[in-house]
Amino acid sequence: HNADHLPRARHWPVWPREAWPPFARFLEANFEVFRAELMQLVLADQEFDEVFRTVQEQQTEFTPLPKDWGLLDLVRQGKPTAACPYAPASCALLAERPEINSNCYAEDRMPNAGVAFARLLPGTEIKPHFATEPRLAVHLGLVTPEGPSMWVANETVTWSEGKAVVFDDTYFHGVRHRGSEPRFVLLAWICHPCDPDWRAKNGDAWQLENPLPEYCTDPA
């Protein structure tokens, strides 16, 4: 749990907007770019359904079928992926963000730093699970039909197009889709804004421009 990594910080299952790390607002500001490139991929793949059906099949521990929850990585382990030529504008926006690039990635501490387009099919239920890294998860709604919802600890959230959800995925959480159309989000696993190792890797100048948030030393 993040409370184990960062015992002096304040923690929320779902983060209030006033406490959001800048990365969440960055995603909202560039919603049109991310959605446009996602839709190009979806439309090009309508006949064969290869993109989201075959990627990230290791996710089957969370869902009964590999196709239920498909992730198309744009950034993985802090680096751009082979999908970037098919989403060049999205990858260009993400490339220099320290929250998910090589400044964040660490094999022993933050191995899953990255960003992906994520598809959730109707009828899917993602089993309860939790992360163990000092991180936050951010979802940006790209295609958000009625029906899907997520619970994080004792809170329930839904998605809206162009709006971000910031949550602490070191709490138990799960997802259900009771609607009839696929849901798509941009999913990011980012370094926790209070993580001292990550902050140090960003350098002195960055730390002066991005002072430590008050909630990092206020567990109340």
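Strand E9, spanning residues 173-177, is mostly tucked away in this predicted model: 4 of its 5 residues come out as buried. E9 has strand E6 (residues 148-152) as a partner, and the two run antiparallel with 5 bridges between them. Here Trp 151 is matched with Gly 174 of E9. Strand E4 (residues 125-129) also pairs with E9 in the antiparallel sense, this time over 3 bridges. In that pairing, Ile 126 has Val 175 in E9 as its bridge partner.

Turning to the rings, the structure holds 6 aromatic pairs. One of them brings together Trp 12 and Trp 15, whose centres are 5.0 Å apart and whose planes make an angle of 70 degrees, an edge-to-face arrangement. Both of these tryptophans are buried. Trp 15 also pairs with Tyr 215: the ring centres lie 5.1 Å apart and the planes sit at 85 degrees, so this pair is edge-to-face as well. The contact links distant parts of the chain, with the two positions 200 residues apart. Trp 15 belongs to the loop between helix H1 (2-5) and helix H2 (22-29), whereas Tyr 215 falls in the segment after helix H7 (204-209). Like Trp 15, Tyr 215 is buried. Put together, Trp 12, Trp 15 and Tyr 215 make up one aromatic cluster.

Some rings have a charge for company instead. Arg 97 lies over the face of Phe 26, at 4.4 Å from the ring centre. Arg 183 does something similar with Trp 159, its charged end sitting over the ring at 4.5 Å from the centre.

Technical notes
Residues numbered from 1 in each chain as written. Predicted model: local features only at pLDDT ≥ 70, side-chain atom pairs only at ≥ 80, totals over all residues. Heavy atoms only, no water. Phe/Tyr/Trp six-rings, centres within 6.5 Å; stacked < 30°, edge-to-face > 60°. Buried < 20%, exposed > 50% of the residue type's maximum accessible area, 1.4 Å probe, protein only. Lys NZ or Arg CZ within 6 Å of the ring centre and 35° of its normal. Pairing = 2+ DSSP bridges.
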